[in-house]
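Colleague: I'm still learning how such labels are chosen. Could you show me a structure and talk me through some of them?

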Amino acid sequence: MAETAPDADVALATQRKQQGNEAFAAKDFEAAVRYFTEAIELDPSNHVLYSNRSAAYASKGEYEEALADAERCIELAPQWSKGYSRRGAALVGLGELDEAAEAYRQGLSIDPENSALQRGLDEVERAKAQGAKTGTSASSSFQAELLRALASNPRARELLQDPSVLSAFGDLNDPSKLMDALRNPKIQEVFEIISGMREGNEQPASSPDSGTSARYTNQDVEQQVGPNGTMDTEPVVDNRGENTRSMDLGSPAPDADENIRTTAPADSEAEKATRLEAEHEKELGNDAYKRKQFDLALEHYRKAQELNPRELVYILNEAAVYFEMKDFHKTIELCQWIIDRNREENLGADFSLIAKAYARMANAYDHLGDFDAAIQAYEKSLVEHHDSRTIMKLQDCRRRKKKHDEEAYVDIEKSQKAREEGNTAFKAADFPKAIEWYTEAHRRNPLDPVPLSNRAAAYIKLGEIPSALRDVNKALELDSKFVRAYARKGQAHMLMKEYHKALDAYEKGLELDPNNAELREGYARVMVAIHSTENDPVRAERALADPEIQAILMDPQMNILLKNMESDPSAVQSAMRNPGIASKIRKLVAAGIIRTA
């Protein structure tokens, strides 16, 4: 079960989520992913955050990452239908229409009235039906690769979010609908993009970066899909290792799938019998593994290797046993041996088996604390074979490496020295250099709010007000009684003509230090600005987008008062005797919603 985040972390995660939503609405998907990632780090048990990041990844065309987040969302909240919608959308982007349809069906079994899920399923089924009618299943891999290539183009990404475009792709394979499809303006635009990509020598869709090995052919892809539509057929083993981590999906169980082979079936009866005996030893080893009889499991796996030395899955199972025994160095040694033997002896092992060897090696490196080696091995695993669980482990490993590196970088003495250098640059009016030093000071001591407040002052000097507000808000999260941060927050809002927010910041600071000259002067400047500013519809319109102002205007009591004020302006005088009402009226006046004589 995921741990519950502290209240402070949850509050900050909610803020980051809101920032991510705003970035998503502005189509700044890179920023949206960044904000949702920060939110997840603060509140890793919140399934909505994974759903939102999945949508952002899909909008960037990074469907593998989108799928991994959708899977994590479903794991955290299996009864939340939107998680299955995210999974279906990611699988459509990857060209896995059968799995996408199943995801939509699973979601509809939870929420039968969900129109988005039903619409997604209808589009997928239509595309599948068109492909089946025209006999285009053999080209499905090529089409998936083409969609991945198009996802690298911003405009193409936008087009691919439209289900009708994906359906039109299917129409291209139907002679009776071909001409209509070619007349479709969106399809014409897609072909223009493809033409531009060819002229510009874009990276082919089958490159390792796409998550698919460049060695794959259509035949290879078809052969890798087993009877159940997946090659991941390891037995479910509930007894997991004691050292499992936050995202560790369990110790690597032995591989029980007979269809993952590295050698062609033998022709002679004697060789067939030997192979069957080796498989029997493997099954005995799997049974011993499940009972945690590790020495016995090793004995059976080694017998299997003696009987069929070219079958690498037995070595992979042996590595799983050593992993469970916490002998991570031996695990790494065996996995590397599998990889080396396959290459040197040209055994032609299945891509998924080599991927498992890399993933198992990565897991061992991870438990040894060697994050760099683990990340490299996870990445190599994904080059060999796409697996959403491996993506999740890679993302988690990167997150923990980042946290580890940040903690290792902390040095309070160096932070103080960097802050002093920043102050020197600030006094010399070299504000970009000051920001560099204050950033270094913050990295060296992330719990000190002063470098953030100082950096906010430098941002204000450069006119980068949103960055300044981000820093002062973070400083106040670290120390809610940091008076100087309230002064700089008020100054930033003042410059943005958000007078109601500036007033609120100065008032909170004055509650802590009533005699602070900087706060008192700032407060006075805001009051003068409020009462001297002419009617500014732009400022009022911007204020109406503020959730706090919206809440005040939606208050029934305030609604009645505002209507009474239209016919009787003196009504406000009696209302001001109520401290709560008075505070709300002052905010509306400061925001420019209410004008005073």
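Modeller: Happy to! Helices α15 and α16 are roughly antiparallel to each other. Please keep in mind that this is a predicted model.

Colleague: What makes α15 and α16 roughly antiparallel?

Modeller: Their axes cross at roughly 165°. Angles over 145 degrees count as roughly antiparallel, so α15 and α16 earn that label. The axes come within 9 Å, and α15 passes α16 in a left-handed crossing.

Colleague: Which residues of α15 and α16 make the contact?

Modeller: On the α15 side they include Phe-294, Leu-298 and Tyr-301, and on the α16 side Ile-315, Val-321 and Tyr-322 are among them. By class, the contact of α15 with α16 has nine nonpolar, two polar and three charged residues.

Colleague: Why are α16 and α18 called roughly parallel?

Modeller: Helix α16 (residues 313-324) packs with helix α18 (residues 351-367) at an angle of about 15°. Angles under 35 degrees count as roughly parallel, therefore the name fits α16 and α18. Their axes are 11 Å apart, and α16 passes α18 in a left-handed crossing. Leu-316 and Phe-323 are among the α16 residues that meet α18, where the partners include Leu-353 and Ala-364. This contact of α16 with α18 divides into eight nonpolar, three polar and two charged residues.

Colleague: How do you know whether Cys-335 is buried or exposed?

Modeller: Buried means under 20% relative accessible area. Cys-335 has 0% relative accessibility, so Cys-335 counts as buried. Cys-397, with a relative accessible area of 0%, is buried too.

Colleague: And how many disulfides does the structure hold?

Modeller: Zero.

Key:
Residues numbered from 1 in each chain as written. Predicted model: local features only at pLDDT ≥ 70, side-chain atom pairs only at ≥ 80, totals over all residues. Heavy atoms only, no water. Axes fitted to C-alpha atoms, helices over the stretch in contact; angles between N-to-C directions. Helix = DSSP H or I, 4+ residues; strand = E, 2+ residues; numbered from the N terminus. Parallel < 35°, antiparallel > 145°, perpendicular 65-115°, else oblique. Left-handed = near helix turned anticlockwise from the far one by under 90°. Contact = heavy atoms within 4.5 Å. Nonpolar A, V, L, I, M, F, W, Y, C, P; charged D, E, K, R; others polar. Disulfide = S-S within 2.5 Å. Buried < 20%, exposed > 50% of the residue type's maximum accessible area, 1.4 Å probe, protein only.
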